[in-house]
Amino acid sequence: MCSSGMRFRGEGRPQFVKKAPLLPETSVALLPDSVDFTDRDFDALRARLIALVQSVFPDWTDFEVASFGNVLLEMFAFVGDVLTFYQDNLARESRLVTATQRKNVMALARMLGYRLRGAQAATAEVAFELARPPSANVTISAAAQLGAVHLEELAKLPWFARVDEVPAAIQYLCEKLLNERWSVVVVADTHWLSRCDKKAVETARSELKQFLLRVNLPAPLAAFDQVRSSIGARLGNTLTEGLWQELEDSLQIEERAGQPFVVNAAGTKSRRLLALLRAADAPIRVAEVVEVLGRMSNMPEEMLFFVGGRIGLAEHFPEFDQWVARLVPLALEVVRGQGPARQWLDVELLMEVSDDIVLPAWLDHWHLSAVLRQASELQYLGRGRFALPVRSRRRRAA
C-alpha cells in the first residue's frame, strides 16, 4: 500500500513524489479462516482484536499495559459484548420455543391464534343444610323498611341466629335466594342488611367526601343538610346517618354565634393536593407533592396515576371521557371473554385492546389503568390488576 502526491517547484511542471508506504505490503487476514459465532463475550472479542492488531502491527506487543491503544481495544470489546448480548436476546425472543419473557410468549402465541389464560383465583363450591328449616315465612325486622337493619338485630330472630358472626353467609343467601334484592354493606365499621347494594353505598360515601372538598371552610354544619337529604332519599335514614357519622368523625366542629360550624377536616391535605393539581398544566411528580404537602395515606378519588411517578387529574389526560367511552367496553369484552376467575394486568389488557384500535404513542398502560379504574364493571385489585367484581364472577360461575 502506498500513496503519492504532487509537489510544485517555481513555475515549472508539477513533479510527482512517491511517499513511503503506510503499511507493509503484505496480505492481511482480517478474519480467521473459521469464525466461531458463539464465542463472542468480552474476553473472546478482546483476544480476536489483539490477533487482528498483531497481524497489522507486529511490533505492538504490550497489550497488558495501560495505554490509550489498549483502552480503545477494551472499549471496542465491551461494545461488541453488549451488542451481541442484545442480538442473542432478539434471536431467542423471536421464537416461541426459546422465548423466556412472558409478554413475548403471549405475542407469539397470539400470532398463532392462541390466547394464554392468565392467573385465576381459587374457587370452591360450598353447600350447607339448615339444621332446622323454618316452619313459616321468615319476616325481617321492620327496621329494614327504613333502608337497613343491623346484623345484630337480625341475629335475634331464631332463623338468623348468630348471623352477625358470619356476614358472608347472609350475603350468600342474598345472592342465591333473594335474587340480590338485599345486600350486606359496611357502614361506620358495622355490617348492615340493606336494600341498597354496595355500589350505591360507595356512591353516597363519595358524594359526601366530594361535597366536603368543594365547600369553603369554615362553613355552617347546616350546609351539609341538602346533600344528606339527597342521600337519605336513596339509601334511607339509617345508612345515611351511618355515612354521616363516618364523615363527622373527621370534622372539627365549633360553636360560633350559637350555631355549629365545620372549621377543619382531616381531608384538608387532600383539598390542598387537588388545588395543587388543578393549578398545574401537566401531571406533577409525586416527589414534588411530598416536598410541599408531606406524605399522604389517603389520596383523593379524582387523582390519576401517570407514567414516570407522576400524578394528575382527568384534565391532564387528553380527551379523557372519550377514551373512557372507547376503551372500557373493549377491555370488558376481553375480560369477560377469558373467564370470570382470571385477573388481568393493565399491560396485558393494553396489548389486547391495541389489537382492536390504534392507540396513540403516549397512551401507555398507566393511562389505561387510570381509564379502567373509572369503570364500575371492573374491580381494581391493586398493582395494575383488574378482574370482574366478585358478584359478577359468582353470577357467571353459577
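**Exercise 1. Find what the buried residues of helix α7 pack against, and work out how they are arranged.**

Solution. Start with the neighbours: the buried residues of α7 pack against α6 (198-214) and α8 (237-248), where contact means heavy atoms within 4.5 Å. Helices here are DSSP runs (H or I, at least four residues), strands likewise (E, at least two), numbered from the N terminus.

Before going on, note that this is a predicted model, in which local features need pLDDT of at least 70, side-chain atom pairs count only at pLDDT 80 or more, and totals for chains, interfaces and linings use all residues. Residues are numbered from 1 along each chain as its sequence is written, and side-chain values use heavy atoms, leaving out hydrogens and water.

Next, list the residues. In α7 (residues 225-235), V227, R228, I231, G232 and L235 are buried. Viewed down the axis of α7, these buried residues fall within an arc of 135 degrees, so they line one face of the helix; the arc is that of the directions from the helix axis to the C-beta atoms.

Now turn the helix around: Q226, S229 and A233 are exposed on the other side of α7. Buried means under 20% relative accessible area, exposed over 50%, and partly exposed in between (1.4 Å probe, protein chains only).

Finally, step past the end: G236, just after α7, takes a positive phi of about 95 degrees.

**Exercise 2. Describe how β7 and β8 pair.**

Solution. First, the sense: β7 (residues 251-256) and β8 (residues 259-265) are antiparallel, with 6 bridges. Two strands pair if DSSP finds at least two bridges between them.

Then find a partner: R256 stands opposite Q259 in β8.

Last, look at the turn. The hairpin has 2 residues between the strands, and A257 takes a positive phi near 55 degrees.
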